[in-house]
Amino acid sequence: MSAAHTITNDFVPVVPDEQYILQVNALKKYFPIKGGIFSRTVGYVKAVDGVTFNLKRGSTMGLVGESGCGKTTAGRTILRLSGEKTGGQVLFNGKEVYDMNPQEMRRLRTKMQIIFQDPFSSLSPRLPIGEIIGEAVREHNIVPKEEFDDYIDQVMDNCGLQPFHRDRYPHEFSGGQRQRICIARALALNPEFIVCDEPVSALDVSIQAQIINLLKDLQEKYMLTYLFISHDLSVVEHISDTVGVMYLGSLVEYGQTDDIFRNPLHPYTKALFSAIPVPDPGIKMNRIVLEGSIPSPANPPKGCKFHTRCANCMERCKTETPVQREIEPGHYVVCHLYDGQGTVANEKTDV
């Protein structure tokens with residue numbers, strides 16, 4: 001393997017902190033590219049490339065970015081659903097997820113759940129929803145056998161489903177009801193942490209509001225922690241306590257929701273937020289249009305990955321990779337425009 005395709009795992013391990021249910025440190029997930037007669041590895045798709053954030057118990061973190069930026073892969077890698085990680089740390093309740101043996105992972109599966117993006121394709125068409133929701137409950141012995149039926153009815157009721165729905169199949173439900181089934185399936189295992197992978201993207205606006213309110217009510221009732229993956233910024237602003245902005249596999253900005261939406265710092269974040277529609281025809285939109293398309297994650301640009309589309313690109317952006325800086329308390333940005341004191345650099349040039 002050539003030096004250009006060597007994977008490096010150089011990072012500083014973090015110390016477990018009890019206030020965080022999840023600590024993600026320099027997480028990487030690369031997928032090999034095979035080529036040639038012998039199908040040798042000729043490169044890597046860097047789907048997740050050095051993502052770092054912490055998530056407090058009972059809170060919600062929104063993860064936003066363009067399609068293909070690595071949001072879903074990040075969520076699946078955190079849950080250990082995409083094979084082994086390439087590098088970094090994933091600490092859940094202070095324990096490294098990727099160091100657990102099969103028995104420990106089996107116990108952890110009940111504590112970490114996911115709500116998939118497409119509620120229809122993620123539900124088995126051959127099982128009634130009572131079995132879909134209760135299959136894992138029975139497998140993990142969540143409740144005694146004699147209490148199983150009552151427990152499933154209670155879970156369904158918590159998610160706005162009726163007991164007579166138990167014997168129906170997924171194709172007999174609307175999109176919003178199918179999403180409630182997916183939520184009930186995840187909730188049935190009494191999880192502590194749920195990855196919500198664009199759970200409302202396929203629903204109309206009125207149903208979106210119902211599902212979002214349901215998620216918030218369940219969070220308050222059961223002290224759940226969410227990683228909410230979405231590209232709908234208005235939904236993220238409504239449900240999230242913190243927000244992370246991803247671009248080409250990397251987290252370019254992270255902070256409290258109010259700070260991010262009040263004062264976006266990274267040029268990519270500003271461009272994203274400029275596309276949020278304002279429900280007032282009298283207000284003129286100052287849309288920031290990004291030139292070009294997203295580079296390939298198999299061959300990302302040197303230096304700052306965003307420099308090929310950035311109007312504020314400097315010479316150092318083309319060669320020097322920026323590091324994460326805390327510009328204000330709890331507000332981090334990965335950009336050369338800001339130094340340690342939060343001042344904006346004056347050196348600018350064309351891309």
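In the predicted model, the hairpin formed by β11 and β12 has two residues between its strands, and Gly330 in this hairpin adopts a positive phi near 80 degrees. The two strands of the hairpin, β11 and β12 (residues 331-334), are paired in the antiparallel sense over four bridges. Within this pairing, Glu326 has Tyr332 in β12 as its bridge partner.

The hairpin belongs to an open sheet of eight strands, arranged in the order β6-β7-β8-β3-β9-β10-β12-β11 with mixed pairing. The edges of this sheet are occupied by β6 and β11 (324-328), each of which pairs on one side only. From one strand to the next, the twist averages 20 degrees. A parallel component of the mixed pairing is provided by β7 (residues 193-197) and β8 (residues 225-229), which are joined by five bridges. Opposite Phe228 in β8 stands Cys196. In general, the strands of a sheet pair through backbone hydrogen bonds, in either a parallel or an antiparallel arrangement.

A further open sheet comprises four strands in the order β2-β1-β4-β5, and its pairing is antiparallel. Its edge positions are held by β2 (40-56) and β5 (95-96); each has a single partner strand, so one side of each is left without a neighbour in the sheet. Between β1 and β4 (residues 87-92), which run antiparallel, there are five bridges. Gln23 is positioned opposite Leu91 of β4.

Helix α1 makes contact with strands of both sheets. In the eight-stranded sheet, α1 lies across β3 (60-64), β6, β7, β8 and β9 (242-247), and the helix runs at about 150 degrees to β8. In the four-stranded sheet, α1 lies across β1, β2 and β4, with an angle of about 115 degrees to β1. Six of the eight residues of α1 (residues 71-78) are buried, so the helix is largely enclosed by the rest of the structure. The buried positions of α1 are Lys71, Thr73, Ala74, Gly75, Thr77 and Ile78. After α1 comes Arg80, which has a positive phi near 60 degrees.

Two individual residues illustrate opposite states of solvent accessibility. Arg166 is situated in the loop between α4 (148-158) and α5 (175-187). Its relative accessibility is 18%; because the threshold for burial is under 20%, Arg166 counts as buried. Excluding residues up to four places away in sequence, Arg166 touches Pro128, Ile129, Gly130, Phe148, Asp149, Ile152, Asp153 and Met156. Pro13, by contrast, is exposed, with a relative accessible area of 54%. This proline is located in the segment before β1 (20-35). With residues up to four places away in sequence again excluded, Pro13 touches Asn25 and Gln89. Pro13 and Ala26, separated by 13 residues in sequence, have a C-alpha to C-alpha distance of 8.9 Å.

The analysis of internal and open space identified one cavity of 30 Å³ or more. The largest cavity has a volume of about 70 Å³. It is lined by 13 residues, of which Cys304, Cys310, Cys317, Cys335 and His336 are the closest to its centre. The lining of the largest cavity consists of nine nonpolar and four polar residues, with no charged residue.

The second largest pocket encloses about 330 Å³ of space. Among the 13 residues lining this pocket, those closest to its centre are Gln113, Ile114, Ala136, Arg185 and Leu189. Two elements, β6 (112-115) and α3 (129-139), each give two or more residues to the lining of the second largest pocket. By residue class, the lining of this pocket contains eight nonpolar, two polar and three charged residues. Charged residues are thus present in the lining of the second largest pocket, whereas the lining of the largest cavity has none.

Notes. Residues numbered from 1 in each chain as written. Predicted model: local features only at pLDDT ≥ 70, side-chain atom pairs only at ≥ 80, totals over all residues. Heavy atoms only, no water. 1 Å grid on protein atoms, 1.4 Å probe; cavity = no way out; pocket = protein on both sides within 12 Å on 5 of 7 lines; lining within 4 Å. Points joined across faces, edges and corners; volume = space filled by probe spheres on them. Nonpolar A, V, L, I, M, F, W, Y, C, P; charged D, E, K, R; others polar. Buried < 20%, exposed > 50% of the residue type's maximum accessible area, 1.4 Å probe, protein only. Pairing = 2+ DSSP bridges. Axes fitted to C-alpha atoms, helices over the stretch in contact; angles between N-to-C directions. Contact = heavy atoms within 4.5 Å.
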